[in-house]
Amino acid sequence: QVQLVESGGGLVQPGGSLRLSCAASGSIFRINAMGWYRQAPGKQRELVVGITRGGSTNYADSVKGRFTISRDNAKNTVYLQMNSLKPEDTAVYYCNAGVITNPFLPEHEYWGQGTQVTVSS
């Protein structure tokens with residue numbers, strides 16, 4: 001089994017910053033793409049940003065220039081640095097990873113439990 005554990009959420013004022021972390025653990029052979037999604041109340045879950053194992057990224061237009069994703073493959077960890085936060089960034093943020101647990105089996109998608117980010121004065 002594989003677990004993804006997020007940390008770093010909280011309450012921040014508009015214009016502030018937060019850094020989210022997501023550490024994967026368990027029976028991991030290799031992690032391919034990782035990413036961050038978010039879901040605001042009454043809305044569908046949406047992709048914030050994804051990152052390949054090689055470091056290629058894909059940002060949602062709404063966060064370009066404000067959020068930065070990075071990963072440490074040796075630690076099976078992905079980070080999300082969020083700057084210039086806006087009230088509309090308020091949501092539960094979920095970590096996602098495509099994990100290979102056995103090189104002879106297909107990749108499986110895993111999700112973290114989510115961490116709340118609230119941007120409010």
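In the predicted model, the link between Cys-22 and Cys-95 is left-handed, with an angle of -80° about the S-S bond. The two cysteines sit in distant parts of the chain, 73 residues apart: Cys-22 belongs to strand E3 (residues 18–26), and Cys-95 belongs to strand E9 (residues 91–100). The sulfur atoms of this disulfide lie 2.1 Å from each other. A search of the whole structure gives 1 disulfide. Cys-22 is classed as buried because its relative accessibility is 0%. Cys-95 also has a relative accessibility of 0%, so this residue counts as buried.

Strand E11 was examined next. This strand covers residues 115–119, and Thr-115 is part of it. Thr-115 has a relative accessible area of 12% and is therefore buried, since buried means under 20%. When neighbours within four places in sequence are left aside, the contacts of Thr-115 are Glu-6, Gly-9, Leu-20, Ala-91, Val-92 and Tyr-93. With Gly-9 there is also a polar contact, in which the side chain of Thr-115 reaches the backbone nitrogen of Gly-9 at 3.4 Å.

Gln-116 lies in strand E11 as well. With a relative accessibility of 40%, Gln-116 is partly exposed, because that class runs between 20% and 50%. Outside its neighbours within four places in sequence, Gln-116 touches Gly-9, Gly-10, Thr-90, Ala-91 and Val-92. For Gly-10, the separation along the chain is 106 residues, while the C-alpha atoms of Gln-116 and Gly-10 are 6.1 Å apart. For Ala-91, a polar atom of the Gln-116 side chain lies 3.4 Å from the backbone oxygen of Ala-91.

Thr-118 is a further residue of strand E11. Its relative accessibility is 26%, so Thr-118 counts as partly exposed. The side chains of Thr-118 and Gln-116 are joined by a polar contact of 3.3 Å. Apart from neighbours within four places in sequence, Thr-118 is in contact with Gly-10, Leu-11, Val-12 and Thr-90. The C-alpha atoms of Thr-118 and Asp-89 are separated by 7.5 Å, and these two residues are 29 places apart along the chain.

Asp-89, Thr-90 and Ala-91 are among the residues that line the largest pocket. The volume of this pocket is about 160 Å³. Other residues of its lining are Arg-38, Gln-39, Ala-40, Lys-43, Gln-44, Glu-46 and Glu-88. By class, the lining is made up of 5 charged, 3 polar and 2 nonpolar residues. Thr-90, in this lining, is also a contact of Gln-116 and of Thr-118. Ala-91, likewise in the lining, is a contact of Thr-115 and of Gln-116.

Two loop residues were noted for their backbone angles. Asn-76 is not a glycine, yet its phi is positive, at about 50°. This residue is placed in the loop between strand E7 (67–72) and strand E8 (77–82). Ser-84, which is not a glycine either, has a positive phi of about 50°. The loop that holds Ser-84 is the one between E8 and E9. Ser-84 has a relative accessibility of 41% and so counts as partly exposed. Strand E9, which follows in the description of this loop, is the strand that contains Cys-95 of the disulfide.

Conventions:
Residues are numbered from 1 along each chain as its sequence is written. This is a predicted model: local features need pLDDT of at least 70, side-chain atom pairs count only at pLDDT 80 or more; totals for chains, interfaces and linings use all residues. Side-chain values use heavy atoms; hydrogens and water are left out. On a 1 Å grid over the protein atoms alone, a cavity is a set of points where a 1.4 Å probe fits but cannot get out, and a pocket is an open set with protein on both sides within 12 Å along at least five of seven lines; lining residues have an atom within 4 Å of a point. Grid points are joined across faces, edges and corners, and a volume is the space filled by probe spheres set on the points. Ala, Val, Leu, Ile, Met, Phe, Trp, Tyr, Cys and Pro count as nonpolar, Asp, Glu, Lys and Arg as charged, and the others, Gly among them, as polar. A disulfide is a pair of cysteine sulfur atoms within 2.5 Å. Helices (H or I, at least four residues) and strands (E, at least two) are DSSP runs, numbered from the N terminus. Buried means under 20% relative accessible area, exposed over 50%, partly exposed in between (1.4 Å probe, protein chains only). A polar contact is a pair of N or O atoms within 3.5 Å; within protein, one must be able to donate a hydrogen and the other to accept it, and residues adjacent in sequence count only if both atoms are side-chain atoms. Contact means heavy atoms within 4.5 Å.
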